[in-house]
Amino acid sequence: MAITMAQALNQSLHDAFEKDDRVVLFGEDVGTLGGVFRITDKLQERFGDQRCFDTPLAEAGIAGTAVGMAMYGFRPIIEMQFDGFTYPAFEQIVSHIAKMRNRSRGTVTMPITIRIPFGGGIGAVEHHSESPEAYFAHTAGLKVVTPGTPADAYSLLTESIFSDDPVVFFEPKRRYWMKEDAILPITTEPIGQSVVRRPGTTATLAAYGPMVKTCLETAEAAEAEGWDLEVIDIRSLVPFDHGTIVESVERTGRLVVVHEAQTTAGFGAEVAARVQQHAFYSLEAPVQRVGGFDIPYPAAMLEEFFLPDVDRILDAVATTLEY
Amino acid sequence: MNRSEPAALDQRYLQLLPPAEPVQLLDDDGVLHENPDFPIDDLGPDDLRNLYRYMVVSRRIDKQAISLQRQGQLGVYASLLGQEAAQVGGAYALEDRDWMFPSFREMGAAIVRGLEPGQLLHQWRGTWLSGHNPYDSNFALMSIPIGTQAIHGAGYAIAAAFDGEDIVVMTYFGDGATSEGDPHEAMNFAAVYDAPCIFFVQNNQYAISTPLSEQTRAPTIAHKGIGYGIPGYRVDGNDVLATYAVTRRAVQRARAGEGPSLIEAVTYRMEAHTTSDDPTRYRTPEEMDEWQRRDPIARFGAYLSAEGLMDDELKDRIDADVETLASGIREEIYEAPHGDPMELFEHVYVDPPAEFADQRALLTRELDAGTNGTEG
């Protein structure tokens, strides 16, 4: 049966609510409306307005309320309606949600899941297409994950909700309607393991979130060039499993890292550094980074020129093959 | 032109407005003027002596902490001198099961709550980020970013209300924090969910050096409550009985399911913002003298003596007890071990990432080689 990523996320929430009555979800428009992307559809109807409820329009308030509710013993899931509106909550997330366990010497646990629809490609207005994952990956105390497929969306969200560490959960909004054959619920996999989505021998593509599908499309297109590309879905930025990528590079000798976020100081830099540290002698060419340009996310009509696409990734593969 | 509002609306907002003058029960000379709206009939003689003792303890520990900072035993310290009545009176209106979400200046409230002062001083000493388990005392960790804890308190109160647990949450912040966003979001959230939360503002007149007049154009901080549909109370924060009575009323409202309240305790920080600050650059001696005259402990002590609730013997005994407590804290701090370096990696994650193994090994090698811990 084909399910969309949005359905998988919604099913994960329903199942988590069913499993543990301490799981609550709140944010802007998540109740009656079911979220602007309908990810929280029917949660309030089924579980009541103390399990899933609308909040005043205040992101810092939402994140800070989650701190208090987690201290009390709930397991809050909060929704940041859009990536670009997460910034007012940044202080609460990095100064309190991330640090409370450390500050309290382990006595205060923050089992909070921060859901953020992120990335571009849907023709949205300014502030609705940001890729802020590096800010959070750089903050000790947070886990940062993002699914690339519907089944993985179910697995990762479920694991995030039941993680006792706080998790920033990035939902690739352009993939909400992506379909995959799967029957839910599936057996979930622990956070922190990258996965080979497509085996290959010519070069390795490593990506996460929305770029996983783009990389799989690139691998298909590359067959015409006679290239057999391996595609790795990083899935979890923190903790980051570089082992899967290192093993892949030991086979292929070449690596291209792909993300939508601006290239400078993006997560691709971390991937490149780890691989040159752990697989230096296996590398046949410098690691290539393919990302967005170092500019603010552009207006909708121009985003196709900003976002990495099949051609830009193929060019990067070609570059690695010149060595 | 007749633009008068409907009477019903007038009544709704007038009920939320603070009185023109702060509620005061003890005048500056310590004479009691009872107010039927804010009774203290539930305070027996032992309660009154407790209030005094807590204030004296708070002041002595505060003085001790400043001395320890001067000796280099604490890195920095934020004094509460002058704010003893606000902290003790407010905290005394809560039950043990209630929760407090403090800023970094609430040593007095912590003492009422029964925390060991030494536990809190570890944070200023720099051995641990925090020194107590909040679940032991229902006293949350001190929060350094300004006003951020207000929304934690609101969230805790919302959670308790959802669970049907009969507790009240008191969150503390200062006049400066009322310019930050978080306390406003907190008051709005708490109001929307009728959460049993009290927003207790100690208006000590200065945000480091910036006076209230440059902080807000609101008539008073208590007036801000009307913006959230919650009552704002204004109280003489140097009057421990008034602070108690006003807070008790907010507690009763919260317990009755009537939602949050905002309390502005009008007081004065007699010391510097922290030990790193020089208040002579922004305050006049005249202003200091004026507030010295309203000293909360002297005022309440005069009342107790006049009422025959405290004689010299009792006063001396309290002072002696407090000296013993202070010397115990000195010993505790002098002898407190520095943190274990390997503890750096503890309590960051429930499930630590793999990188911690390498980083832990690196620190171990540095420690073994004796190359770590020396400045370059």
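**Exercise 1. Locate B:L9 in this predicted model, and decide whether the residue is buried, partly exposed or exposed.**

Solution. Begin with the secondary structure: B:L9 sits in helix α1 of chain B, which covers residues 7-14. Next, take the relative accessibility of B:L9, which is 33%. Since partly exposed residues fall between the buried limit of under 20% and the exposed limit of over 50%, B:L9 counts as partly exposed. Finally, look at the surroundings on the surface, where B:L9 belongs to a nonpolar patch together with B:Y13, B:L14, B:L17 and B:I226. The accessible area of these residues together is about 370 Å².

**Exercise 2. Work out whether the radius of gyration of chain B agrees with that of a compact globule, and describe the chain as a whole.**

Solution. First, note that chain B has 376 residues, a length for which a compact globule would have a radius of gyration near 21 Å. The value for chain B is 22 Å, which agrees with that expectation. Then consider the extent of the C-alpha trace, which spans about 80 × 50 × 45 Å along its principal axes. For the contents, count 13 helices and seven strands in chain B, and add that buried residues account for 54% of its 376 residues. Turning to contacts between residues at least 6 apart in sequence, one finds that 75% of them join residues at least 24 apart. As a last step, the accessible surface of chain B amounts to about 16400 Å², with 48% of it belonging to carbon and sulfur atoms.

**Exercise 3. Find where cis peptide bonds occur before A:P185 and A:P239, and place both prolines in chain A.**

Solution. The bond joining A:L184 and A:P185 is cis, with omega about -5°, and A:P185 lies in the loop between β8 (179-181) and β9 (195-198). The bond from A:V238 to A:P239 is also cis, with omega near -5°, and A:P239 lies in the loop between β12 (236-238) and α9 (242-252).

**Exercise 4. What sign does phi have in A:R105 and in B:H347, and how accessible are these residues?**

Solution. Phi of A:R105 is positive, near 50°, although the residue is not glycine; A:R105 stands in the loop between α5 (100-103) and β5 (113-118) of chain A, and its relative accessibility of 28% makes it partly exposed. Phi of B:H347 is likewise positive, near 65°; B:H347 stands in the loop between α12 (312-335) and α13 (355-369) of chain B, and at 27% relative accessibility B:H347 is partly exposed.

Technical notes:
Residues numbered from 1 in each chain as written. Chains lettered and ligands numbered in written order. Predicted model: local features only at pLDDT ≥ 70, side-chain atom pairs only at ≥ 80, totals over all residues. Heavy atoms only, no water. Patch = residues over 30% accessible without salt bridge, like charges linked within 9 Å, V, L, I, M, F, W, Y side chains within 5 Å. Areas by Shrake-Rupley, 256 points an atom, 1.4 Å probe, with all protein chains shown as cover. Salt bridge = Lys/Arg side-chain N within 4 Å of Asp/Glu carboxyl O. Helix = DSSP H or I, 4+ residues; strand = E, 2+ residues; numbered from the N terminus. Buried < 20%, exposed > 50% of the residue type's maximum accessible area, 1.4 Å probe, protein only. Rg over C-alpha atoms; globule rule 2.2 N^0.38 Å. Contact = heavy atoms within 4.5 Å.
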